[in-house]
Amino acid sequence: MEMKQIYVLAALLLSFVARISSLSITVNDVECVYEYVFYEGDAISGNFVVVDHDIFWGSDHPGIDFTVSSPGGNVVHNIKGTSGDKFELKAPRSGMYKFCFHNPFSTPETVSFYIHVGHIPNEHDVAKDEHLDPINVKIAELREALESVTAEQKYLRARDNRHRHTNESTRKRVIGYTVGEYILLAAVSSLQVLYIRRLFSKSVSYNRV
Amino acid sequence: MITMKLPPFFAILLCTSPFWGNAPVTEAIWLNLPPSGTKCVSEELHNNVVVLADYVVVSDDHSSAPTISVKKENATHGQFAFTTQEAGNYLACFWADAHNPSKADVSVNLDWKTGIAAKDWETVARKEKIEGVELELKKLEGAVEAIHENLLYLKSRESEMRIVSEKTNSRVAWFSIMSLGVCISVSVLQLWHLKRFFQKKKLI
């Protein structure tokens, strides 16, 4: 049998300070992430934000597409052309679900995403398993509620990150373009003066102008 | 350390924690690695955050990979943990380096936990001798504290961003007025210079 060796490398890239975050993945064309859902009827929730969005001219980039496919292959959820959204759906069956991001453009985009599969045991499970107390159901509900708050915070955090990118870019552009504008203005006006001087210089022609 | 052959079914059982209604389900995602190419996931982390990551590699053609070493070697299944020493972007990359190239895709299951999710509740339960419902409630309390910390952090980030925005706003105003000033002064200089030039040339 052939050997396939997988190398895992954890590399460190210095960028800037952050506290909570979701996993980020760079989408070149299509990137898919899979998650296994154990029980039918589980609530799949999550969010994603496109972080690295270097728009040059226009501010209406069509964004990326997001699809969720069930284990059977049919598309359960579909969002088109967005720069970030939340989603929530109920799993029709258990199995491996596929979450895909599609980037219609050639520039790679970094997407920060978070997916959570939540299970709350119902009375049927309580009756079957003697280890389960009715209080466990309530605790599971509490946990899911807190989980949704945490997910919302991760979404806000990712959006704040994207906003920060835009602000930094604006700041750099303001300074860079203004200083460049001043230099260009001075250069152009001095070129004008030099040209007019040349027109009137004796060496070209005395009677031409 | 361990040599194992992992049929996909057992891999799924192995890498997912048994769920008895109380154990929290962690975010374990599967990545599909093409025979050539790298897949990377990244996360921005603060200083002094505990990161715990479990990974399992499943190959479709049931090939096994021997020897696991921490972090950087050939691996089928492993776990690594570290505490961040500095703030920044942390990247975990997976790539298939096949000596005999195979057509089959390789799947990697990554269970990436940071901060409160990586807390070792077994140790806490043993130390404080609590169990069952009390332990679950303690976990919920930890989650609430984490939410509070995150809220405070978001607030501080928002205020930083507001400061930057307002500074940019005032800079735009100042630079525009200054550009008008530069424009006027440059044209005045031009006219003055040309006038002097023509007077010297005795054309005026």
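**Exercise 1. How many aromatic pairs does a search of the whole structure find over all chains?**

Before the solution, two conventions apply. Residues are numbered from 1 along each chain as its sequence is written, and chains are lettered from A and ligands numbered from 1 in the order in which they are written. This is a predicted model, in which local features need pLDDT of at least 70, side-chain atom pairs count only at pLDDT 80 or more, and totals for chains, interfaces and linings use all residues; side-chain values use heavy atoms, with hydrogens and water left out.

*Solution.*
Step 1. Apply the criterion: rings of Phe, Tyr and Trp (its six-membered ring) pair if their centres lie within 6.5 Å; planes under 30 degrees apart count as stacked, over 60 as edge-to-face and the rest as tilted.
Step 2. Over all chains, the search yields 10 aromatic pairs.
Step 3. Take one of them: the ring centres of Phe66(A) and Phe87(A) are 4.9 Å apart and the planes stand at 40 degrees, so this pair is tilted.
Step 4. Place the two residues. Phe66(A) belongs to strand 5 (residues 64-69) of chain A and Phe87(A) to strand 7 (residues 84-90) of chain A, so the pair ties together parts that are 21 residues apart in sequence. Helices (H or I, at least four residues) and strands (E, at least two) are DSSP runs, numbered from the N terminus.
Step 5. Phe66(A) and Phe87(A) are both buried. Buried means under 20% relative accessible area, exposed over 50%, and partly exposed in between (1.4 Å probe, protein chains only).
Step 6. In chain B, Phe197(B) and Phe198(B) form a tilted pair, with 5.6 Å from centre to centre and 50 degrees between the planes; both of these residues are buried.

**Exercise 2. Which residues do ring pairs link into a cluster, and which have the most contacts inside the largest nonpolar core?**

*Solution.*
Step 1. The cluster consists of Phe48(A), Phe66(A), Phe87(A), Phe99(A), Phe101(A) and Phe113(A), linked through ring pairs.
Step 2. A nonpolar core is a set of buried Ala, Val, Leu, Ile, Met, Phe, Trp, Tyr and Cys residues joined through side-chain atoms within 4.5 Å.
Step 3. The largest such core has 41 residues, and Ile44(A), Phe48(A) and Phe113(A) have the most contacts inside it.
Step 4. With residues up to four places away in sequence left out, Phe113(A) touches several residues, including Phe48(A), Phe101(A) and Ile29(B). Contact means heavy atoms within 4.5 Å.
Step 5. Another core, of 5 residues, lies apart from the largest one; among its members are Val124(B), Ala125(B), Ile130(B) and Leu135(B).

**Exercise 3. Is Lys129(B) buried or exposed, and is Ser42(B) buried or exposed?**

*Solution.*
Step 1. Lys129(B) is in the loop between helix 2 (121-128) and helix 3 (133-200) of chain B.
Step 2. Its relative accessible area is 72%, so Lys129(B) is exposed.
Step 3. Consider the backbone. Most residues other than glycine have a negative phi. Lys129(B), although not a glycine, has a positive phi of about 55 degrees.
Step 4. Ser42(B) is part of strand 2 (residues 38-45) of chain B. With a relative accessible area of 9%, Ser42(B) is buried.
Step 5. Beyond its neighbours within four places in sequence, Ser42(B) contacts residues of chain A and chain B, among them Ser22(A), Leu23(A), Asn89(B) and Tyr90(B).

**Exercise 4. Which residues of chain A and of chain B does the UniProt annotation "transmembrane region" cover?**

*Solution.*
Step 1. Chain A has 2 helices and 9 strands, in the order β-β-β-β-β-β-β-β-β-α-α.
Step 2. The unreviewed UniProt entry places the annotation on residues 174-196 of chain A. UniProt positions are given in the numbering used here, feature names are shortened, and annotations may be inferred rather than shown by experiment.
Step 3. That span of chain A is 100% helix and 0% strand, with its end C-alpha atoms 33 Å apart.
Step 4. Chain B has 3 helices and 6 strands, in the order α-β-β-β-β-β-β-α-α.
Step 5. Its unreviewed entry annotates residues 172-192 of chain B. In the model these residues are 100% helix and 0% strand, and the end C-alpha atoms are 30 Å apart.
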